[in-house]
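Let's walk through this structure together, from a pairing of strands out to the chain as a whole. Keep the model open beside the text as you read.

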Amino acid sequence: MRLPDPHPRLLKDLLEGEKFYPIYNVHPRWPIDIDYDVSDYGETWFAGLPRGQMWDSASWYEMPKQPRPIPEIIEETTKTWWPKYEHKGVPRGEPTIQVDFIRWETWCGGWFDHWTHDIGLDDQQVLHSFSRFVMRMEELNQREVKIVNGYRQEAYCLMGAEDRHRWFGRIKGKGDNDQTDPPCRCPCCKKRGIVNIGH
Ligand SMILES: [Zn+2]
């Protein structure tokens with residue numbers, strides 16, 4: 001599958017030595033058995049399911065160094081993520097995994113953090129790169145406002161990264177009182193070959 005071209009704004013914004021990658025959203029959903037009524041929740045919670053079941057789901061971004069065929073990502077998620085996914089004993093059906101190419105970018109969003117591949121940029125370059133990424137996402141949110149059920153929904157949730165004072169790194173990579181100046185180059189990040197910024 002041919003991917004769309006990167007946004008011209010990204011190409012214009014790139015720093016010396018900076019790289020961009022394909023971002024995919026991975027969205028598995030699966031039916032779970034329930035013993036309560038969800039008919040008030042809205043159709044998307046139970047569409048296509050018999051009474052006594054509703055949809056559960058997960059969603060995250062992936063940013064491989066090179067484009068990957070979507071069926072390959074689906075197969076890998078089914079084989080490696082799904083068997084390990086904690087379901088606390090709730091009876092569940094087989095997952096349907098949807099994978100979408102989102103855009104080309106330099107940073108991948110996680111849960112109140114962002115990461116990028118460590119390609120040898122120094123701390124100043126990494127911070128510079130991230131602040132430009134944040135600016136592009138803020139512009140994207142101004143360009144693409146979505147209204148869902150009457151509420152304004154941002155096209156991209158920065159989870160507080162807009163506020164530079166929130167950015168931090170870690171020393172050991174886990175535990176309390178483990179924050180240091182950004183970016184994060186802790187042993188966990190080193191092992192994964194990434195640089196992280198928490199916020
Ligand atoms: Zn780290």
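Two strands count as paired if DSSP finds at least two bridges between them. Strand 5 and strand 6 are joined by two bridges and run antiparallel, so they meet that cut-off. Bear in mind throughout that this is a predicted model.

Strand 6 covers residues 113-117, while strand 5 is made of residues 108-109. In this pairing, C108 stands opposite W115 of strand 6. On to the next partner: strand 6 is also joined to strand 11, by five bridges, and these two strands run antiparallel as well. Here W115 stands opposite N196 in strand 11. W115 therefore makes a handy landmark, with C108 opposite it in one pairing and N196 opposite it in the other, each pairing resting on at least two bridges.

Put together, the three strands make an open sheet with the order 5-6-11 and antiparallel pairing. Strand 5 and strand 11 are its edge strands, each pairing on one side only. Being at an edge does not leave strand 11 uncovered: four of its five residues are buried.

The loop between strand 5 and strand 6 deserves a look of its own. F112 sits there, and its phi is positive, about 55°, although F112 is not a glycine. Is F112 buried or exposed? F112 is exposed, because only 12 or fewer other C-beta atoms within 10 Å are needed for that label and F112 has 12.

A second residue invites the same kind of inspection. M159 lies in the loop between strand 8 (151-154) and strand 9 (169-170). M159 is not a glycine either, yet its phi is positive, near 50°. With 14 other C-beta atoms within 10 Å, M159 is partly exposed.

One more backbone detail is found in the loop between strand 10 (179-180) and helix 4 (187-192), where P183 has its place. The peptide bond leading from P182 to P183 is cis, with omega near -5°.

Now for the interior. The largest nonpolar core has 15 residues, and W107, F130, F133 and V134 touch the most other members. Helix 3 (123-143) and strand 11 (194-198) each supply at least two residues of this core. Which element gives the largest share of this core? That is helix 3, with five residues. Strand 11 thus appears in two roles, as an edge strand of the sheet and as a supplier of core residues.

W107 is a good residue to centre your view on. Leaving aside residues up to four places away in sequence, W107 touches H114, W115, T116, F130 and F133. Among these contacts is W115, the landmark from the sheet, and F130 and F133 are themselves among the core residues that touch the most other members.

Finally, step back to the whole protein. Its secondary structure comes to four helices and eleven strands. The chain is divided into domain 1 (21-104) and domain 2 (107-198), and the C-alpha centres of the two domains lie 24 Å apart. Taken along the principal axes, the C-alpha atoms fill a box of roughly 55 × 40 × 35 Å. Of the 199 residues, 17% are buried. Among contacts with a separation of 6 or more, 60% are between residues 24 or more positions apart.

Methods: Residues numbered from 1 in each chain as written. Predicted model: local features only at pLDDT ≥ 70, side-chain atom pairs only at ≥ 80, totals over all residues. Core = buried A, V, L, I, M, F, W, Y, C linked by C-beta atoms within 7 Å. Buried ≥ 20, exposed ≤ 12 C-beta atoms within 10 Å, placed from the backbone. Contact = placed C-beta atoms within 7 Å. Domains from an automatic or database assignment.
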